[in-house]
Amino acid sequence: MASKIPLLTPHKMGPFELSHRIVLAPLTRQRSFNNVPQPHAILYYSQRTTPGGLLIAEATGVSDTAQGYPDTPGIWTKEQVEAWKPIVDAVHEKGGIFFCQIWHVGRISNYKFQPNGQPPISSTDKPVTPKQRASGETAEYSPPRRLETDEIPKIVNDFRLAARNAIEAGFDGVEIHGAHGYLIEQFLKDEVNDRTDQYGGSIENRCRFALEIVEAISEEIGPERVGFKLSPFSDEQESSDSNPEALGLYMANALNKFGIVYCHVVEPRMIFGGEKAEIPHSLLPMRKAFKNTFIVAGGYDRKEGNKAVSSNYTDLVAYGRIFLANPDLPKRFKLDAPLNKYDRSTFYTPDPVVGYTDYPFLSADSEEESS
């Protein structure tokens with residue numbers, strides 16, 4: 001019986017009635033040519049939609065300075081908003097709940113992605129070391145420009161306008177991307193943030209930018225439509241913190257003040273490249289501190305996800321690579337059916353089908369075998 005599978009029990013997330021606890025994690029797919037969502041995304045997202053299931057869209061740029069990767073979508077122009085509408089409609093037609101993850105990459109960029117070839121903006125002017133990508137190419141990052149104190153409200157406003165645009169496109173809410181070494185985390189983490197103004201130094205100051213964004217968006221679209229993603233224990237993109245436990249706990253408590261609907265946190269065991277390593281940290285203190293829906297992510301399988309929910313370690317579990325490779329993941333979990341293997345080499349290819357919408361669904365035969 002499905003009711004005995006913890007991941008397949010219902011959950012009320014603010015105003016949203018979720019039928020199960022399996023979330024499509026936000027996954028960069030690099031198939032939004034010229035930063036405009038494409039019609040092939042309609043099939044991709046609708047394939048992964050179930051009635052009452054929560055999907056979080058791939059990271060979506062808030063402005064023309066937010067980009068750092070080829071063909072990632074944006075939501076700052078009218079054209080982009082219009083292009084998202086049929087994608088969101090397809091998810092809603094199948095009864096899904098759809099949040100748009102909004103981001104700014106900050107210094108994880110270079111001149112070619114920036115308007116007029118200008119330097120990327122950041123909390124700092126410290127550059128990032130070039131990095132070998134999975135594709136074999138080297139990612140070159142241009143030296144960033146430290147934002148002046150009086151420029152920061154404009155960036156906060158870019159996030160606010162992006163959230164407004166997401167609601168106009170039909171999304172049910174937005175997830176603010178405060179993880180993985182991108183702009184917000186460049187303010188949060190003390191390895192990166194070397195500011196001496198009110199946005200640097202103490203933990204309160206380093207969190208100020210993030211919380212100003214939360215406040216602006218909550219006022220614009222309502223806190224019940226706002227989620228926030230954190231990765232305090234991660235050191236991706238040379239963004240680590242000297243006291244990740246304190247940072248995570250401070251943010252969990254601070255987010256409560258705005259009443260946002262969920263907090264989405266990456267497990268400390270995740271290392272760069274998406275592999276698991278067991279390390280002696282736990283998200284339990286953040287889970288206990290945060291008052292609303294808590295989502296964990298980080299290489300979970302079916303057994304670990306069920307355990308996390310049944311032990312009240314989390315409310316929901318976000319699945320990335322295995323949801324990408326198994327568009328019918330909730331059904332496979334229900335039947336305990338075998339999973340398709342993902343092909344890492346096609347994660348970021350621009351092909352509108354291969355590695356995107358061509359992963360097979362369970363056949364009727366395998367459903368009978370599993371039941």
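**Exercise 1. Locate N312 between its neighbouring elements and state the sign of its phi angle.**

Solution. N312 sits in the loop that joins α8 (302–310) to β17 (316–319), where helices (H or I, at least four residues) and strands (E, at least two) are DSSP runs numbered from the N terminus. The phi of N312 is near 65°, a positive value in a residue other than glycine. The coordinates are those of a predicted model, in which local features need pLDDT of at least 70, side-chain atom pairs count only at pLDDT 80 or more, and totals for chains, interfaces and linings use all residues. Residues are numbered from 1 along each chain as its sequence is written, and side-chain values use heavy atoms, with hydrogens and water left out.

**Exercise 2. Describe the backbone and the burial of H180, and then the phi of G170.**

Solution. Begin with the position: H180 belongs to the loop between β11 and α4. Next, take the backbone angle, which for H180 is a positive phi of about 55° although the residue is not a glycine. Then take the accessibility: H180 has 15% relative accessibility and therefore counts as buried, given that buried means under 20% relative accessible area, exposed over 50%, and partly exposed in between (1.4 Å probe, protein chains only). Finally, G170, which comes just after α3, takes a positive phi of about 105°.

**Exercise 3. Compare the span of helix α3 with its expected span, and identify what covers its buried residues.**

Solution. Helix α3 (residues 152–168) has 17 residues, and from its first C-alpha to its last it reaches 25 Å, close to the 24 Å expected at 1.5 Å a residue; the expected span is 1.5 Å times one less than the number of residues. The buried residues in α3 are I152, I155, V156, D158, F159, A162, A163, N165 and A166. An α-helix has 3.6 residues a turn, so residues three or four places apart point the same way. The cover over the buried residues of α3 includes α2 (78–93), β6 (97–103), β7 (121–122), β11 (173–178), α4 (183–188) and α5 (203–221), with contact meaning heavy atoms within 4.5 Å.

**Exercise 4. Explain why helix α1 is described as largely enclosed, and examine H40 within the helix.**

Solution. Six of the eight residues of α1 (residues 40–47) are buried, so the helix is largely enclosed by the rest of the structure. Those buried residues are H40, A41, Y44, Y45, S46 and Q47, and what covers them includes β3 (22–24), β4 (54–56), α2 and β6. Within this helix, H40 counts as buried at 17% relative accessibility. Not counting residues up to four places away in sequence, H40 touches R31, F33, P352, Y356 and T357. H40 and I87 are 47 residues apart in sequence, while their C-alpha atoms are 8.8 Å apart in space.

**Exercise 5. Decide for each of S239, C263 and K291 whether the residue is buried or exposed, and add its surroundings.**

Solution. S239, in the loop between β12 (226–230) and α6 (244–256), has 0% relative accessibility and so counts as buried. Leaving aside neighbours within four places in sequence, S239 is in contact with R107, G181, E185, K189, E191, V192 and S234.

C263 lies in strand β13 (residues 262–266), and C263 likewise counts as buried at 0% relative accessibility. With neighbours within four places in sequence set aside, C263 contacts F228, L230, L255, F290, T293, F294 and I295. C263 and N306 are 43 residues apart in sequence, and their C-alpha atoms are 19 Å apart.

K291, in the loop between α7 (284–289) and β16 (293–297), is exposed, with a relative accessible area of 64%. K291 and I260 are 31 residues apart in sequence, and 9.2 Å apart in space, C-alpha to C-alpha.

**Exercise 6. Give the secondary structure of the chain, and determine how its radius of gyration stands against the globule rule.**

Solution. The chain comes to 11 helices and 17 strands. Its radius of gyration is 19 Å, close to the 21 Å that the globule rule gives for 371 residues, so the chain is as compact as a globular protein of that length; the radius is taken over C-alpha atoms, and the rule is 2.2 Å times the number of residues to the power 0.38. Along the principal axes, the C-alpha atoms fill a box of roughly 60 × 40 × 40 Å. Buried residues make up 59% of the 371 residues. Of the contacts in the chain with a separation of 6 or more, 72% are between residues 24 or more positions apart.
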